[in-house]
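Me: Hi, could you walk me through this model? I'd like the overall picture before I go back to the bench.

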Amino acid sequence: MSDKHAKHKSKYTADRLIPGAFEGETVTRRRFMTGTAHTAGAIAAGAFALPALGFALGPIFKSTPHHWETVGKESDFNEDNYVPVTFTLTAGIGEAGKTTAYVRKFNPKIDTDPSDKDSKYIAISSRCAHLGCPVRWVDAAERFICPCHGGVYDLLGKRVGGPPVRPLDRFYTRVEGEFVQLGPRFSVNSELKRFSPRDPGEPLDGVGQYLYPSRPSAQKL
Amino acid sequence: MPKLPKLPAPPLPAALQAPPPRPREGNGKGGPLEDAKEAGISVVDWVDERTSLSGAGRWLLFRKVPKGTNWFYTLGSATMFAFLSQAVTGVFLAMYYRPDPSGGAYESIRHVTNEVFLGQFVRGMHKWGSSVMVILIFLHMGRTFFFGAYKYPRELNWVIGVVLLILTMVMSFTGYLLPFDQRAYWATIVGVNINGTGPLIGPYLSDFLRGGGEFGATTLSRFYAIHMLLIPGLLAALIGFHLYLVAKLGTTAPPWSKAEERPELREDVV
């Protein structure tokens, strides 16, 4: 009994009395054939599954170059109130690729935040920081109000009510000749500290910026 | 454990038990009707001889069901027929639909609704049928839960059912964008951003759904492919497995039905 057991435990096929075994051979031909067939099958399946998966997941890792969009002349804007401008964010899909921003001239009395010092214009994105519906500037209330779930923001885009988790996003601005241009979007936390653009619903205070990391797909300056 | 007596074989319906009438027997008049019957039987026989499918059909259809089986037990098949209705109407809607975000998608849906013969009806079946399917699937789930039909040995069927529920919700979500009107567009923006609120992987999931950082040209075709190619195949396969397990394990008796007094089946007597 113990002798037979010992024979089966040997790693050499010759010791196991397998017919046609070679000297020093440890893998039986049956095991070798099975392994080869499985490996060949896995390679064949991987050959179409992996490229297809990469194809579907590719856009997550693709970085998008940013561009500047002219939204009007310098004389179109003032220090005291927002002017809505519509421009193309994503080319090639017509109306669906357009977005709205609210633009006004930099006003040292309101824009006291040091990071805004260099910008001549303030451009606030209409995309609600709750779930992305378009907010509207209501002049009488001096508030941005979202029609979907009741998010309310003040003149600087800071949240004053409702479910949004951070202030409204902004766009980089620059002046080319007499024209005002908007660049890529950026997000701000509740102290108006700037972050690379995040999607709506992603908080940036505390650990938020790590739980919702910046992604390669977002247009950055 | 003592041996239980063998249960009798499931009875065949009377129609199948009677031997088939032999053609051209007795007075010799067969007639065209008799010939047509004979031809039909020959075709079925030919297929059955080569596939043995009739056994599988009997196994699937002529099952014993417990006493007290009632209308609540039809909710599962009702959900399946809602799915079949969605599949059929969806295939025909795909003959007219164009997943073109720069106006073609909306225009093709407008064309189906306003100009195609019965287009409004077929599109309405698909649109309202999706709500019907979601309602039925929840009623079916409620029946299974309240009748305790998810317990051993049917846990795996419950798990498959939950996957089917999730896939049905994915179908509803991806199908909602396809008309590409204002409601579809903003509902999808909100839905994708809800996905994005999941920590760490949420933002990447949003990128996957949109096919990039912003809602773009690929978003609609991505949703279209998921809606009409990826999920329907998975749904059909899982519904098949779900049904197989129902046929294999049988249905449960309603919780209020009492066990029949069968002295020969009692362990202490045998």
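Reply: Happy to; we can go through the chains, how they touch, and then one helix and one cysteine. Keep in mind that this is a predicted model.

Me: Good. How many helices and strands does chain A have?

Reply: Chain A has three helices and 11 strands. Along the sequence, the pattern is α-α-β-β-β-β-β-β-β-β-β-β-β-α, with two helices leading into the run of strands and one helix coming after it.

Me: And what about chain B, how many of each there?

Reply: Chain B has 10 helices and zero strands.

Me: What radius of gyration does chain A have, against that of a compact globule?

Reply: Chain A has 31 Å, whereas a compact globule of 221 residues would be near 17 Å. The box around the C-alpha atoms of chain A is roughly 95 × 35 × 30 Å along the principal axes.

Me: Which domains are assigned in chain A?

Reply: The assignment gives domain 1 as residues 2-61 and domain 2 as residues 69-211. Taken over C-alpha atoms, the centres of domain 1 and domain 2 of chain A are separated by 59 Å.

Me: Now the same size check for chain B, please. What radius of gyration does it have?

Reply: For chain B the value is 26 Å, while a compact globule of 270 residues would be near 18 Å. The C-alpha atoms of chain B fill a box of roughly 75 × 60 × 30 Å along the principal axes.

Me: How much of each chain is buried?

Reply: In chain A, 26% of the 221 residues count as buried. In chain B, buried residues make up 22% of the 270.

Me: And the contacts between residues 24 or more positions apart, what share do they have?

Reply: Looking at contacts with a separation of 6 or more, residues 24 or more positions apart account for 43% in chain A and for 69% in chain B.

Me: Let's switch to the interface. How many residues of each chain are in contact?

Reply: 25 residues of chain A are in contact with 26 residues of chain B. On the chain A side, helix α2 (residues 29-61) gives the largest share, three residues. By type, the chain A side divides into 14 nonpolar, eight polar and three charged residues.

Me: Tell me about that helix. How far does α2(A) reach?

Reply: α2(A) has 33 residues and reaches 44 Å from its first C-alpha to its last, close to the expected 48 Å.

Me: Where does α2(A) bend?

Reply: The bend, about 35 degrees, is at Phe55(A), and Pro59(A) follows within four residues.

Me: Why do you say α2(A) lies largely in the open?

Reply: Because the number of buried residues among the 33 of α2(A) is one.

Me: Last topic, Cys128(A). Where is it found?

Reply: Cys128(A) is in the loop between β4 (121-125) and β5 (136-138) of chain A.

Me: Is Cys128(A) buried or exposed?

Reply: Cys128(A) counts as buried, because it has 29 C-beta neighbours inside 10 Å and the cut-off for buried is 20 or more.

Me: Which residues is Cys128(A) in contact with?

Reply: Leaving aside neighbours within four places in sequence, Cys128(A) is in contact with Cys133(A), Val135(A), Cys146(A), Cys148(A), Gly151(A), Pro164(A) and Pro200(A).

Me: And how far is Cys128(A) from Arg215(A)?

Reply: Their C-alpha atoms are separated by 20 Å, and the two residues are 87 residues apart along the chain.

Terms used:
Residues are numbered from 1 along each chain as its sequence is written. Chains are lettered from A and ligands numbered from 1 in the order in which they are written. This is a predicted model: local features need pLDDT of at least 70, side-chain atom pairs count only at pLDDT 80 or more; totals for chains, interfaces and linings use all residues. A residue is buried if 20 or more other C-beta atoms lie within 10 Å of its own, exposed if 12 or fewer, and partly exposed in between; C-beta atoms are placed from the backbone. Two residues are in contact if their C-beta atoms, placed from the backbone, lie within 7 Å. Ala, Val, Leu, Ile, Met, Phe, Trp, Tyr, Cys and Pro count as nonpolar, Asp, Glu, Lys and Arg as charged, and the others, Gly among them, as polar. The expected span of a helix is 1.5 Å times one less than its number of residues. The bend at a residue is the angle between axes fitted to the seven residues ending there and the seven starting there. The radius of gyration is taken over C-alpha atoms; the globule rule is 2.2 Å times the number of residues to the power 0.38. Domain bounds come from an automatic or database domain assignment.
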